[in-house]
Each structure stands twice: as structure tokens, then as C-alpha cells.
Amino acid sequence: MSTVDLIATATFGLEAIVAREVKELGYSDVRVENSRVLFKADLEAIPRCNLWLRSADRVLIKVGEFQALTYEELFEGTKALPWAEWLPEDALFPVEGKSVHSKLYSVPDCQAIVKKAIVEKLKQRYHQQWFTETGPKYTIEVALLKDRATLTIDTSGAGLHKRGYRKLTSQAPLKETLAAAMINLSYWNPDRVLVDPFCGSGTIPIEAALIGLNIPPGLRRDFVSETWPQLPAVFWRNARDEGNDSIRRDVKLRIVGTDIDEAVLSMARYHRKLAGLDDQIHLQRMPVSELRNSNKYGCLICNPPYGERLGEVQQIKRLYQELREAVAPLDTWSVYVLTAFPDFEQVYGKRADRKRKLYNGRIECQFYQYFGPRPPRRELRETVMEESLP
């Protein structure tokens, strides 16, 4: 098994970002489809991708794909796949499923048929009638889209957004994978100031620090495929060694997070500590109306409240107007706002240079991008951290 077909799943709208991350890891045979990025790689890519991909949801092994118009076709197509290459004799292999625009629309029936077909294939290999399923876990998914079945095995376990540092959640948490994508869609780099005036539990500042220091987002967590015999411990050890060696330990970042809510700021401070970033992120209680910054160039990236509950619209409008007033003096900054509020540009008082549709969970949002001028290279490091604090 010299190469394997892998799928990095992605929230709709983030596929291009995930594809770029895959290519930056050195994998060139990349194809982008809706909500997924497909590529070929060696087995060692599985730990590397799980550790390094910032905006992907999961890393899956693609076992096979075929047309399935009937349950018989689904059974035979599944049975024909090389399951024994992946599933040991004692493998625990639950089957999950989904079906979109397909004749086989009963997901429970599809799951049961796939399970039965895999069992029949394993009987041929291991010459036994019963499987205890007491060993390593291999979660299998049958995904039907327009009558084509794709069979995959999940290598991640918990979703890749679960970095391990966010133990507490605020009322409307932003997924770590989306926060990382927002930063990568911006003009921010480690030489520039980054401010989040609605930092909540700290996700955007922490993800920015991980990017700025080149820390793999999965370095502090475990993955389900670490228990698989196909992926020896040396693969994971090498991937983690590579990750540790890649950290930019001599970099001092200028990242600021503020929020009016002291309760969520306490969460942010806790998460900052868990991520090992106490000396890289400044957190402070402050309303957006008081936002100030002495740096000439910087990036403001935020996910402000959307005002989804009845009676909040006027309050949210005033908040967006305060944001506009606060950034008006920062006319050389770039500003990025993710919101589901439908009239944001009208309330904010300025049309975005670019908009991009993204999803925060199941909420359709727009990522409004306002581009400032690029700073002259000589000015990137003229100010120090103390000058960047609000």
C-alpha cells in the first residue's frame, strides 16, 4: 500500500483554503469538489495532515466509489472493495451514512447493507463467522450523492476543529477551523498587528497565534488512527517531531483580543493558557467604541454578534456603527467581518471590497473584506508590543 486516496472534508466555502493547505504540505495530486478535497499520498500523510490541516473538518481514507441504484449494487460494490487491507480481525467498524439526491434514500438501510457486505468480505479473509469488534476503531461512512456511493474510513476521530485548548464554550462559539480560514483569507501575517474587538472565548486570537508561530493545530491532541496497525508509532512520532521542529520560537507576535463581556474573557484567558500562548496574546475588557491602536498598519478580524433574537436588531445596528466609527481612524488597516446580519454593509456605511459566503455551523454568513494598503516592508517592525495595546 504505497499510496492511498485521501479526502480532507471542508465546510462549504473553505474548499480552496483546505486545498492550499494540502499543497503546502507537499501533496500535489489535488482535486477540489464540493465540501471536500481529494488527493493521493503515502501513509505518512495521514498523521501529517491530521496534525497540520487548520481549516479541514476531517481526514478520510477513500476506500472506493461506484454507482449504486439498487441495494444489490450497493452490497456488491461494497463487498468488492479491499476491506481487509484496513480492518484487522478485531476491528470495531461502525457504519455511518448520508444520502443526497439518490434513489437509495433510506440511510439506515444503506448502513445495514454496507455493514453486512463488509462482514461477508472479512469472512473470506479471516475464515470466521463472527467478529468481536473489540479492537481499534474504524468509523466507515457510506455517502450517496446522485446515486454514486463513496465509502470512506475516518482517520481523525473527533473533528479537527477540536484542537484541545478550548474546554469552555461561549454562547455562540466560532469553530476553530473557520477562524483559521478567516485569518488565512486576510492580509494578516506575523509582522502585522491583529485585533479582534469581539474575541469572545479567544478563538480568532489563538488561531492567529498558532499560525504566526507555525504551531500545528493538532499537536496537543490524539487521533483515532493512532491505534491502527497500518500506521506504526514511528509515523506519528516523526510527524510530531516535524511539528515541534517547525515552531518559530523566536517570534514575538502582536495579537490583541478585546470584549465587553468579562465572563467570556475569562474563558479566553483560560484557553490562551491551555494553548501555551500567554506571552503572545493580550486580552482586555473593552467596548468596541473605545478601540484605539497606535500602529499604522494592522488587521482587524472579527465575528461580532448577529442579532438573531427578537428585539436585538437595533442593538446590533448600533454595535456595527460603533465598529465603523472605531476603525475610521485606522484608514491604513484591513478589516474583516464575518456576520449573518443581512444589512451589514448598509448599517456599517461602506461597501466591502470583497465578500465571501461562509457557514458558521449551519448559519449562512458573509465574510466582508475591506482592504487597506500594503505596508512598506521597512515599517513592518517599527513598533513594539507595548505600543500595540489598546
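**Exercise 1. The sheet that contains E2 and E5**

Task: State which order the seven strands of the open sheet that includes E2 and E5 follow, and find its edges.

Solution. Step 1: in this predicted model, the seven strands form an open sheet in the order E2-E3-E1-E4-E7-E6-E5, and the pairing is mixed.

Step 2: the edges are taken by strand E2 (30-33) and strand E5 (95-100). Each of them has a single partner strand, so one side of each is left without a neighbour in the sheet.

Step 3: with direction ignored, neighbouring strands of this sheet are turned by 30° against each other on average.

Step 4: within the sheet, strand E6 (residues 140-145) and strand E7 (residues 148-154) run antiparallel and are joined by six bridges. Glutamate 141 has threonine 152 of E7 opposite.

Step 5: helix H4 (residues 107-126) lies across E5, E6 and E7, and runs at about 135° to E5.

**Exercise 2. The sheet that contains E8**

Task: Determine which strands stand at the edges of the open sheet with the order E10-E9-E8-E11-E12-E14-E13, and describe the pairing of E8.

Solution. Step 1: this open sheet has seven strands and mixed pairing. Its edge strands are E10 and strand E13 (354-360), each pairing on one side only. From one strand to the next the twist averages 20°.

Step 2: E8 is joined to strand E11 (residues 298-302) by three bridges, and the two run parallel. Valine 193 has glycine 298 of E11 as its bridge partner.

Step 3: three bridges also join E8 to E9, again in parallel. Here leucine 194 has isoleucine 255 of E9 as its bridge partner.

Step 4: the side chains of strand E8 (residues 193-196) divide into two sets, with Val193 and Val195 pointing one way and Leu194 and Asp196 the other way. All of these residues are buried.

**Exercise 3. Helix H8**

Task: Compare the span of helix H8 (residues 262-274) with the span expected at 1.5 Å a residue, then locate its buried residues.

Solution. Step 1: H8 has 13 residues, which should span 18 Å at 1.5 Å a residue. The C-alpha atoms at its ends are 18 Å apart, so the two values agree.

Step 2: the buried residues in H8 are Val264, Leu265, Met267, Ala268, His271 and Arg272. They cover an arc of only 155° around the axis, and therefore lie on the same side of H8.

Step 3: the cover over these buried residues includes helix H6 (203-212), strand E9 (255-259) and strand E10 (281-285).

Step 4: at the start of H8, aspartate 261 places a side-chain oxygen within 2.9 Å of the backbone nitrogen of alanine 263. Just after H8, glycine 276 has a positive phi of about 70°.

**Exercise 4. Helix H9**

Task: Work out which residues of helix H9 (residues 313-327) are buried and what they pack against.

Solution. Step 1: H9 has 15 residues and reaches 21 Å from its first C-alpha to its last, close to the 21 Å expected at 1.5 Å a residue.

Step 2: Ile316, Leu319, Tyr320, Glu322, Leu323, Ala326 and Val327 are the buried residues of H9. Seen down the helix axis, they fall within an arc of 155°, so they line one face of H9.

Step 3: the buried residues of H9 pack against E11, E12 and helix H10 (344-348).

**Exercise 5. Two residues in strands**

Task: Decide whether serine 334 is buried or exposed, and list what serine 334 and arginine 354 touch.

Solution. Step 1: serine 334 belongs to strand E12 (residues 334-339). Its relative accessible area is 0%, so serine 334 is buried.

Step 2: leaving out residues up to four places away in sequence, serine 334 touches Tyr187, Arg192, Gly298, Cys299, Leu300, Tyr370, Phe371 and Gly372.

Step 3: arginine 354 is in strand E13. With residues up to four places away in sequence not counted, arginine 354 touches Phe367, Tyr368, Gln369 and Phe371.

Step 4: arginine 354 and methionine 182 are 172 residues apart along the chain, and their C-alpha atoms are separated by 13 Å.

Technical notes
Residues are numbered from 1 along each chain as its sequence is written. This is a predicted model: local features need pLDDT of at least 70, side-chain atom pairs count only at pLDDT 80 or more; totals for chains, interfaces and linings use all residues. Side-chain values use heavy atoms; hydrogens and water are left out. Helices (H or I, at least four residues) and strands (E, at least two) are DSSP runs, numbered from the N terminus. The expected span of a helix is 1.5 Å times one less than its number of residues. Buried means under 20% relative accessible area, exposed over 50%, partly exposed in between (1.4 Å probe, protein chains only). The arc is that of the directions from the helix axis to the C-beta atoms. Contact means heavy atoms within 4.5 Å. A polar contact is a pair of N or O atoms within 3.5 Å; within protein, one must be able to donate a hydrogen and the other to accept it, and residues adjacent in sequence count only if both atoms are side-chain atoms. Two strands pair if DSSP finds at least two bridges between them. Axes are lines fitted to C-alpha atoms, for helices over the stretch in contact, and angles run from 0 to 180 degrees between N-to-C directions.
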